[in-house]
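Biologist: I would like a close look at a single part of this protein. Please take one residue, say what lies around it, and then place it in the whole.

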Amino acid sequence: LSNRLQEKGRLKEALATAQESVQVYRELVAERPGLHLPNLAMALSTLASRLGEDGQRVDAVKAARESVVIRRALAKEQPGVYRAKLALSLNRLAYYLTDPKEREEALACARDSLAIREQGNDRSDLASSLETLASALLREGDQDERAEALRHARRAVDLRREVALGNPKRGNAPYADSLVKLARILVEDAATAVESRECVEKAIELYRTVPEKAQAVADCERILQGNQLPLKGV
């Protein structure tokens, strides 16, 4: 329910529903932990997203960490059932660990999530973990880490492109998002700055196929018009 409310833009209701869900499952876990712990982990992961969207990063980290702890224990007992869910929680935790003091934890979570998803066959999930790891590497990263981040970002774009080619309705927006993330890395190097602009232009083309991404189109056009990226041939 929280996810459906979020999709409809009813963010405050989505957050309240997620908080209520966690409370309900905590009470159920107290009675029958073996039965309800997986549901609590799911509810905590959802709550982390809602809190993050509401700007409550610290609380989002707390919820995501608890989800990881539960799912790690579950995955140890039943890896075939819970490893994919653990990867989701790890990726979500890494995404919200943006404080400089949390960098090493963010990198560890992102790498663990990626390692699990490398063994699966979901290209969208794999791309998400690659993007999260790239972002973590870029935060105060050295030259080698930035080069690694660029490799992961390029691979994520390739995976998103494959998904979009097979299913444009599902894949165009994430593909465009991935291109913008890549562009932000490329623009920092004069040798790849023109490619950066081309990524943004392609992202605009893709966003225009998704009605709800009108703001993303405007944001990208503002980047180009503001000369924040070089013109082709310059």
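Modeller: Leaving aside residues up to four places away in sequence, Gln56 touches Leu15 and Leu51. This comes from a predicted model. Gln56 sits in the loop that joins H3 to helix H4, which covers residues 57-77. Its relative accessibility is 26%, and because buried means under 20% and exposed means over 50%, Gln56 counts as partly exposed. For a sense of distance, take Ala156, which is 100 residues away from Gln56 along the chain: the C-alpha atoms of the two are separated by 27 Å.

Now the helix before the loop. Helix H3 takes in residues 33-53, which is 21 residues. At 1.5 Å a residue it should span 30 Å, and its end C-alpha atoms are 29 Å apart, so the two values agree. Just after H3 comes Gly55, with a positive phi of about 85 degrees.

Another helix can be checked in the same way. Helix H7 (residues 123-138) has 16 residues, and the distance from its first C-alpha to its last is 22 Å, close to the 22 Å expected at 1.5 Å a residue. The buried residues of H7 include Leu126, Leu130, Leu133 and Leu137. Ser124, Ser129, Glu131 and Thr132 are also among the buried residues of this helix. Their cover includes helix H5 (79-96), helix H6 (103-117), helix H8 (143-166) and helix H9 (168-186).

These helices belong to a protein that has 11 helices and zero strands. The radius of gyration is 19 Å, close to the 17 Å that the globule rule gives for 234 residues, so the protein is as compact as a globular protein of that length. Along the principal axes, the C-alpha trace spans about 65 × 40 × 35 Å.

Of the 234 residues, 43% count as buried. Among contacts with a separation of 6 or more, 56% are between residues 24 or more positions apart. The area that the protein exposes is about 12,900 Å², and carbon and sulfur atoms supply 50% of it. As for charge, there are 38 positive and 36 negative side chains, and the centres of the two sets lie 3 Å apart.

To return to the part you asked for: Gln56 is a partly exposed residue in the loop between H3 and H4, and it touches Leu15 and Leu51.

Technical notes: Residues numbered from 1 in each chain as written. Predicted model: local features only at pLDDT ≥ 70, side-chain atom pairs only at ≥ 80, totals over all residues. Heavy atoms only, no water. Helix = DSSP H or I, 4+ residues; strand = E, 2+ residues; numbered from the N terminus. Rg over C-alpha atoms; globule rule 2.2 N^0.38 Å. Buried < 20%, exposed > 50% of the residue type's maximum accessible area, 1.4 Å probe, protein only. Contact = heavy atoms within 4.5 Å. Areas by Shrake-Rupley, 256 points an atom, 1.4 Å probe, with all protein chains shown as cover. Lys, Arg positive; Asp, Glu negative; His and termini not counted. Charge placed at Lys NZ, Arg CZ, Asp CG, Glu CD. Expected span 1.5 Å × (residues − 1).
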